[in-house]
Amino acid sequence: LVAAGVKKLPQEMIQQHIELSRLLDVKNTYTLFTMQQMQLLAFVMSDLEVHGIRALSLKGPLLAVDLYGNPEMRYSHDLDILVSEADFEKACERLEAGGFQEKISALNKTSKRRRIQEKQQGIIHRMYIRDDFCIELHWKISHRWDEPFDALWERRSRKKLLGKQISCLGDLDNLSY
């Protein structure tokens with residue numbers, strides 16, 4: 001928001017204050033990253049749909065468009081995608097087929113350890129990394145909100161992103177974000 005205000009200042013003022021120029025450079029970097037995230041989100045959501053996996057985009061660029069009319073006004077470190085628990089493993093496989101690698105720690109080194117950890121600690125997502133991009137794949141929104149995926153899917157909204165229809169949380173469900 002500050003960068004948007006700085007951009008409206010006279011060019012001479014921006015050039016006189018190096019901090020303002022640096023701020024605009026950072027904003028441009030975030031803008032490029034956000035555009036790349038949008039391309040990635042459109043691709044991943046389309047891939048999941050083609051493979052019969054129902055998926056909902058959470059937060060991220062589409063929420064920024066709803067809130068501010070502009071995806072670059074809300075920076076997101078990662079993309080969050082919600083799938084049903086039944087489709088979770090299949091969705092993980094699709095991300096891996098797309099070149100993503102699960103972020104591995106000592107606690108989830110093997111699939112057996114991962115399942116034990118998920119049951120004992122109630123882990124409801126896995127993180128996947130490719131290049132500079134991170135996707136958090138969720139099978140449940142949160143520990144405090146135990147809404148079945150099918151109910152969220154029935155109330156979903158569809159938004160256009162780069163020419164593709166993307167399913168997101170419905171407006172009422174999106175209030176929590």
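A residue counts as exposed when its relative accessible area is over 50% and as buried when that area is under 20%. The exercises below use a predicted model.

**Exercise 1.** Determine which residues of helix H5 are buried and where they lie around the helix axis.

*Solution.*
1. Under the 20% cut-off, the buried residues of H5 are Phe88, Ala91, Cys92 and Leu95.
2. Viewed down the axis of H5, these residues fall within an arc of 105°, so they line one face of the helix.
3. The spacing fits a general rule: an α-helix has 3.6 residues a turn, so residues three or four places apart point the same way.
4. Glu93 and Ala97, on the other side of H5, are exposed.
5. After H5 comes Gly99, with a positive phi near 95°.

**Exercise 2.** Describe the surroundings of Asp87 and decide what its nearest side chain of opposite charge is.

*Solution.*
1. Asp87 sits in the loop that links strand S2 (79–83) to helix H5 (88–97).
2. Beyond residues up to four places away in sequence, Asp87 touches Gly52, Ile53 and Arg54.
3. Asp87 is buried, and the nearest side chain of opposite charge is Arg54, 4.9 Å away.
4. A salt bridge requires a nitrogen–oxygen distance within 4 Å; Asp87 has none.

**Exercise 3.** Identify what builds the largest nonpolar core.

*Solution.*
1. This core has 26 residues, and Val44, Ile81, Val83, Ile135 and Leu137 have the most contacts inside it.
2. H3 (18–50), S2, H5, S5 (133–138) and S7 (164–168) each supply at least two of its residues.
3. H3 gives the largest share, eight residues.
4. Outside its neighbours within four places in sequence, Val44 contacts Ile81, Leu95, Phe100 and Ile135.

Terms used. Residues numbered from 1 in each chain as written. Predicted model: local features only at pLDDT ≥ 70, side-chain atom pairs only at ≥ 80, totals over all residues. Heavy atoms only, no water. Helix = DSSP H or I, 4+ residues; strand = E, 2+ residues; numbered from the N terminus. Buried < 20%, exposed > 50% of the residue type's maximum accessible area, 1.4 Å probe, protein only. Lys, Arg positive; Asp, Glu negative; His and termini not counted. Contact = heavy atoms within 4.5 Å. Core = buried A, V, L, I, M, F, W, Y, C linked by side-chain atoms within 4.5 Å. Arc of directions from axis to C-beta.
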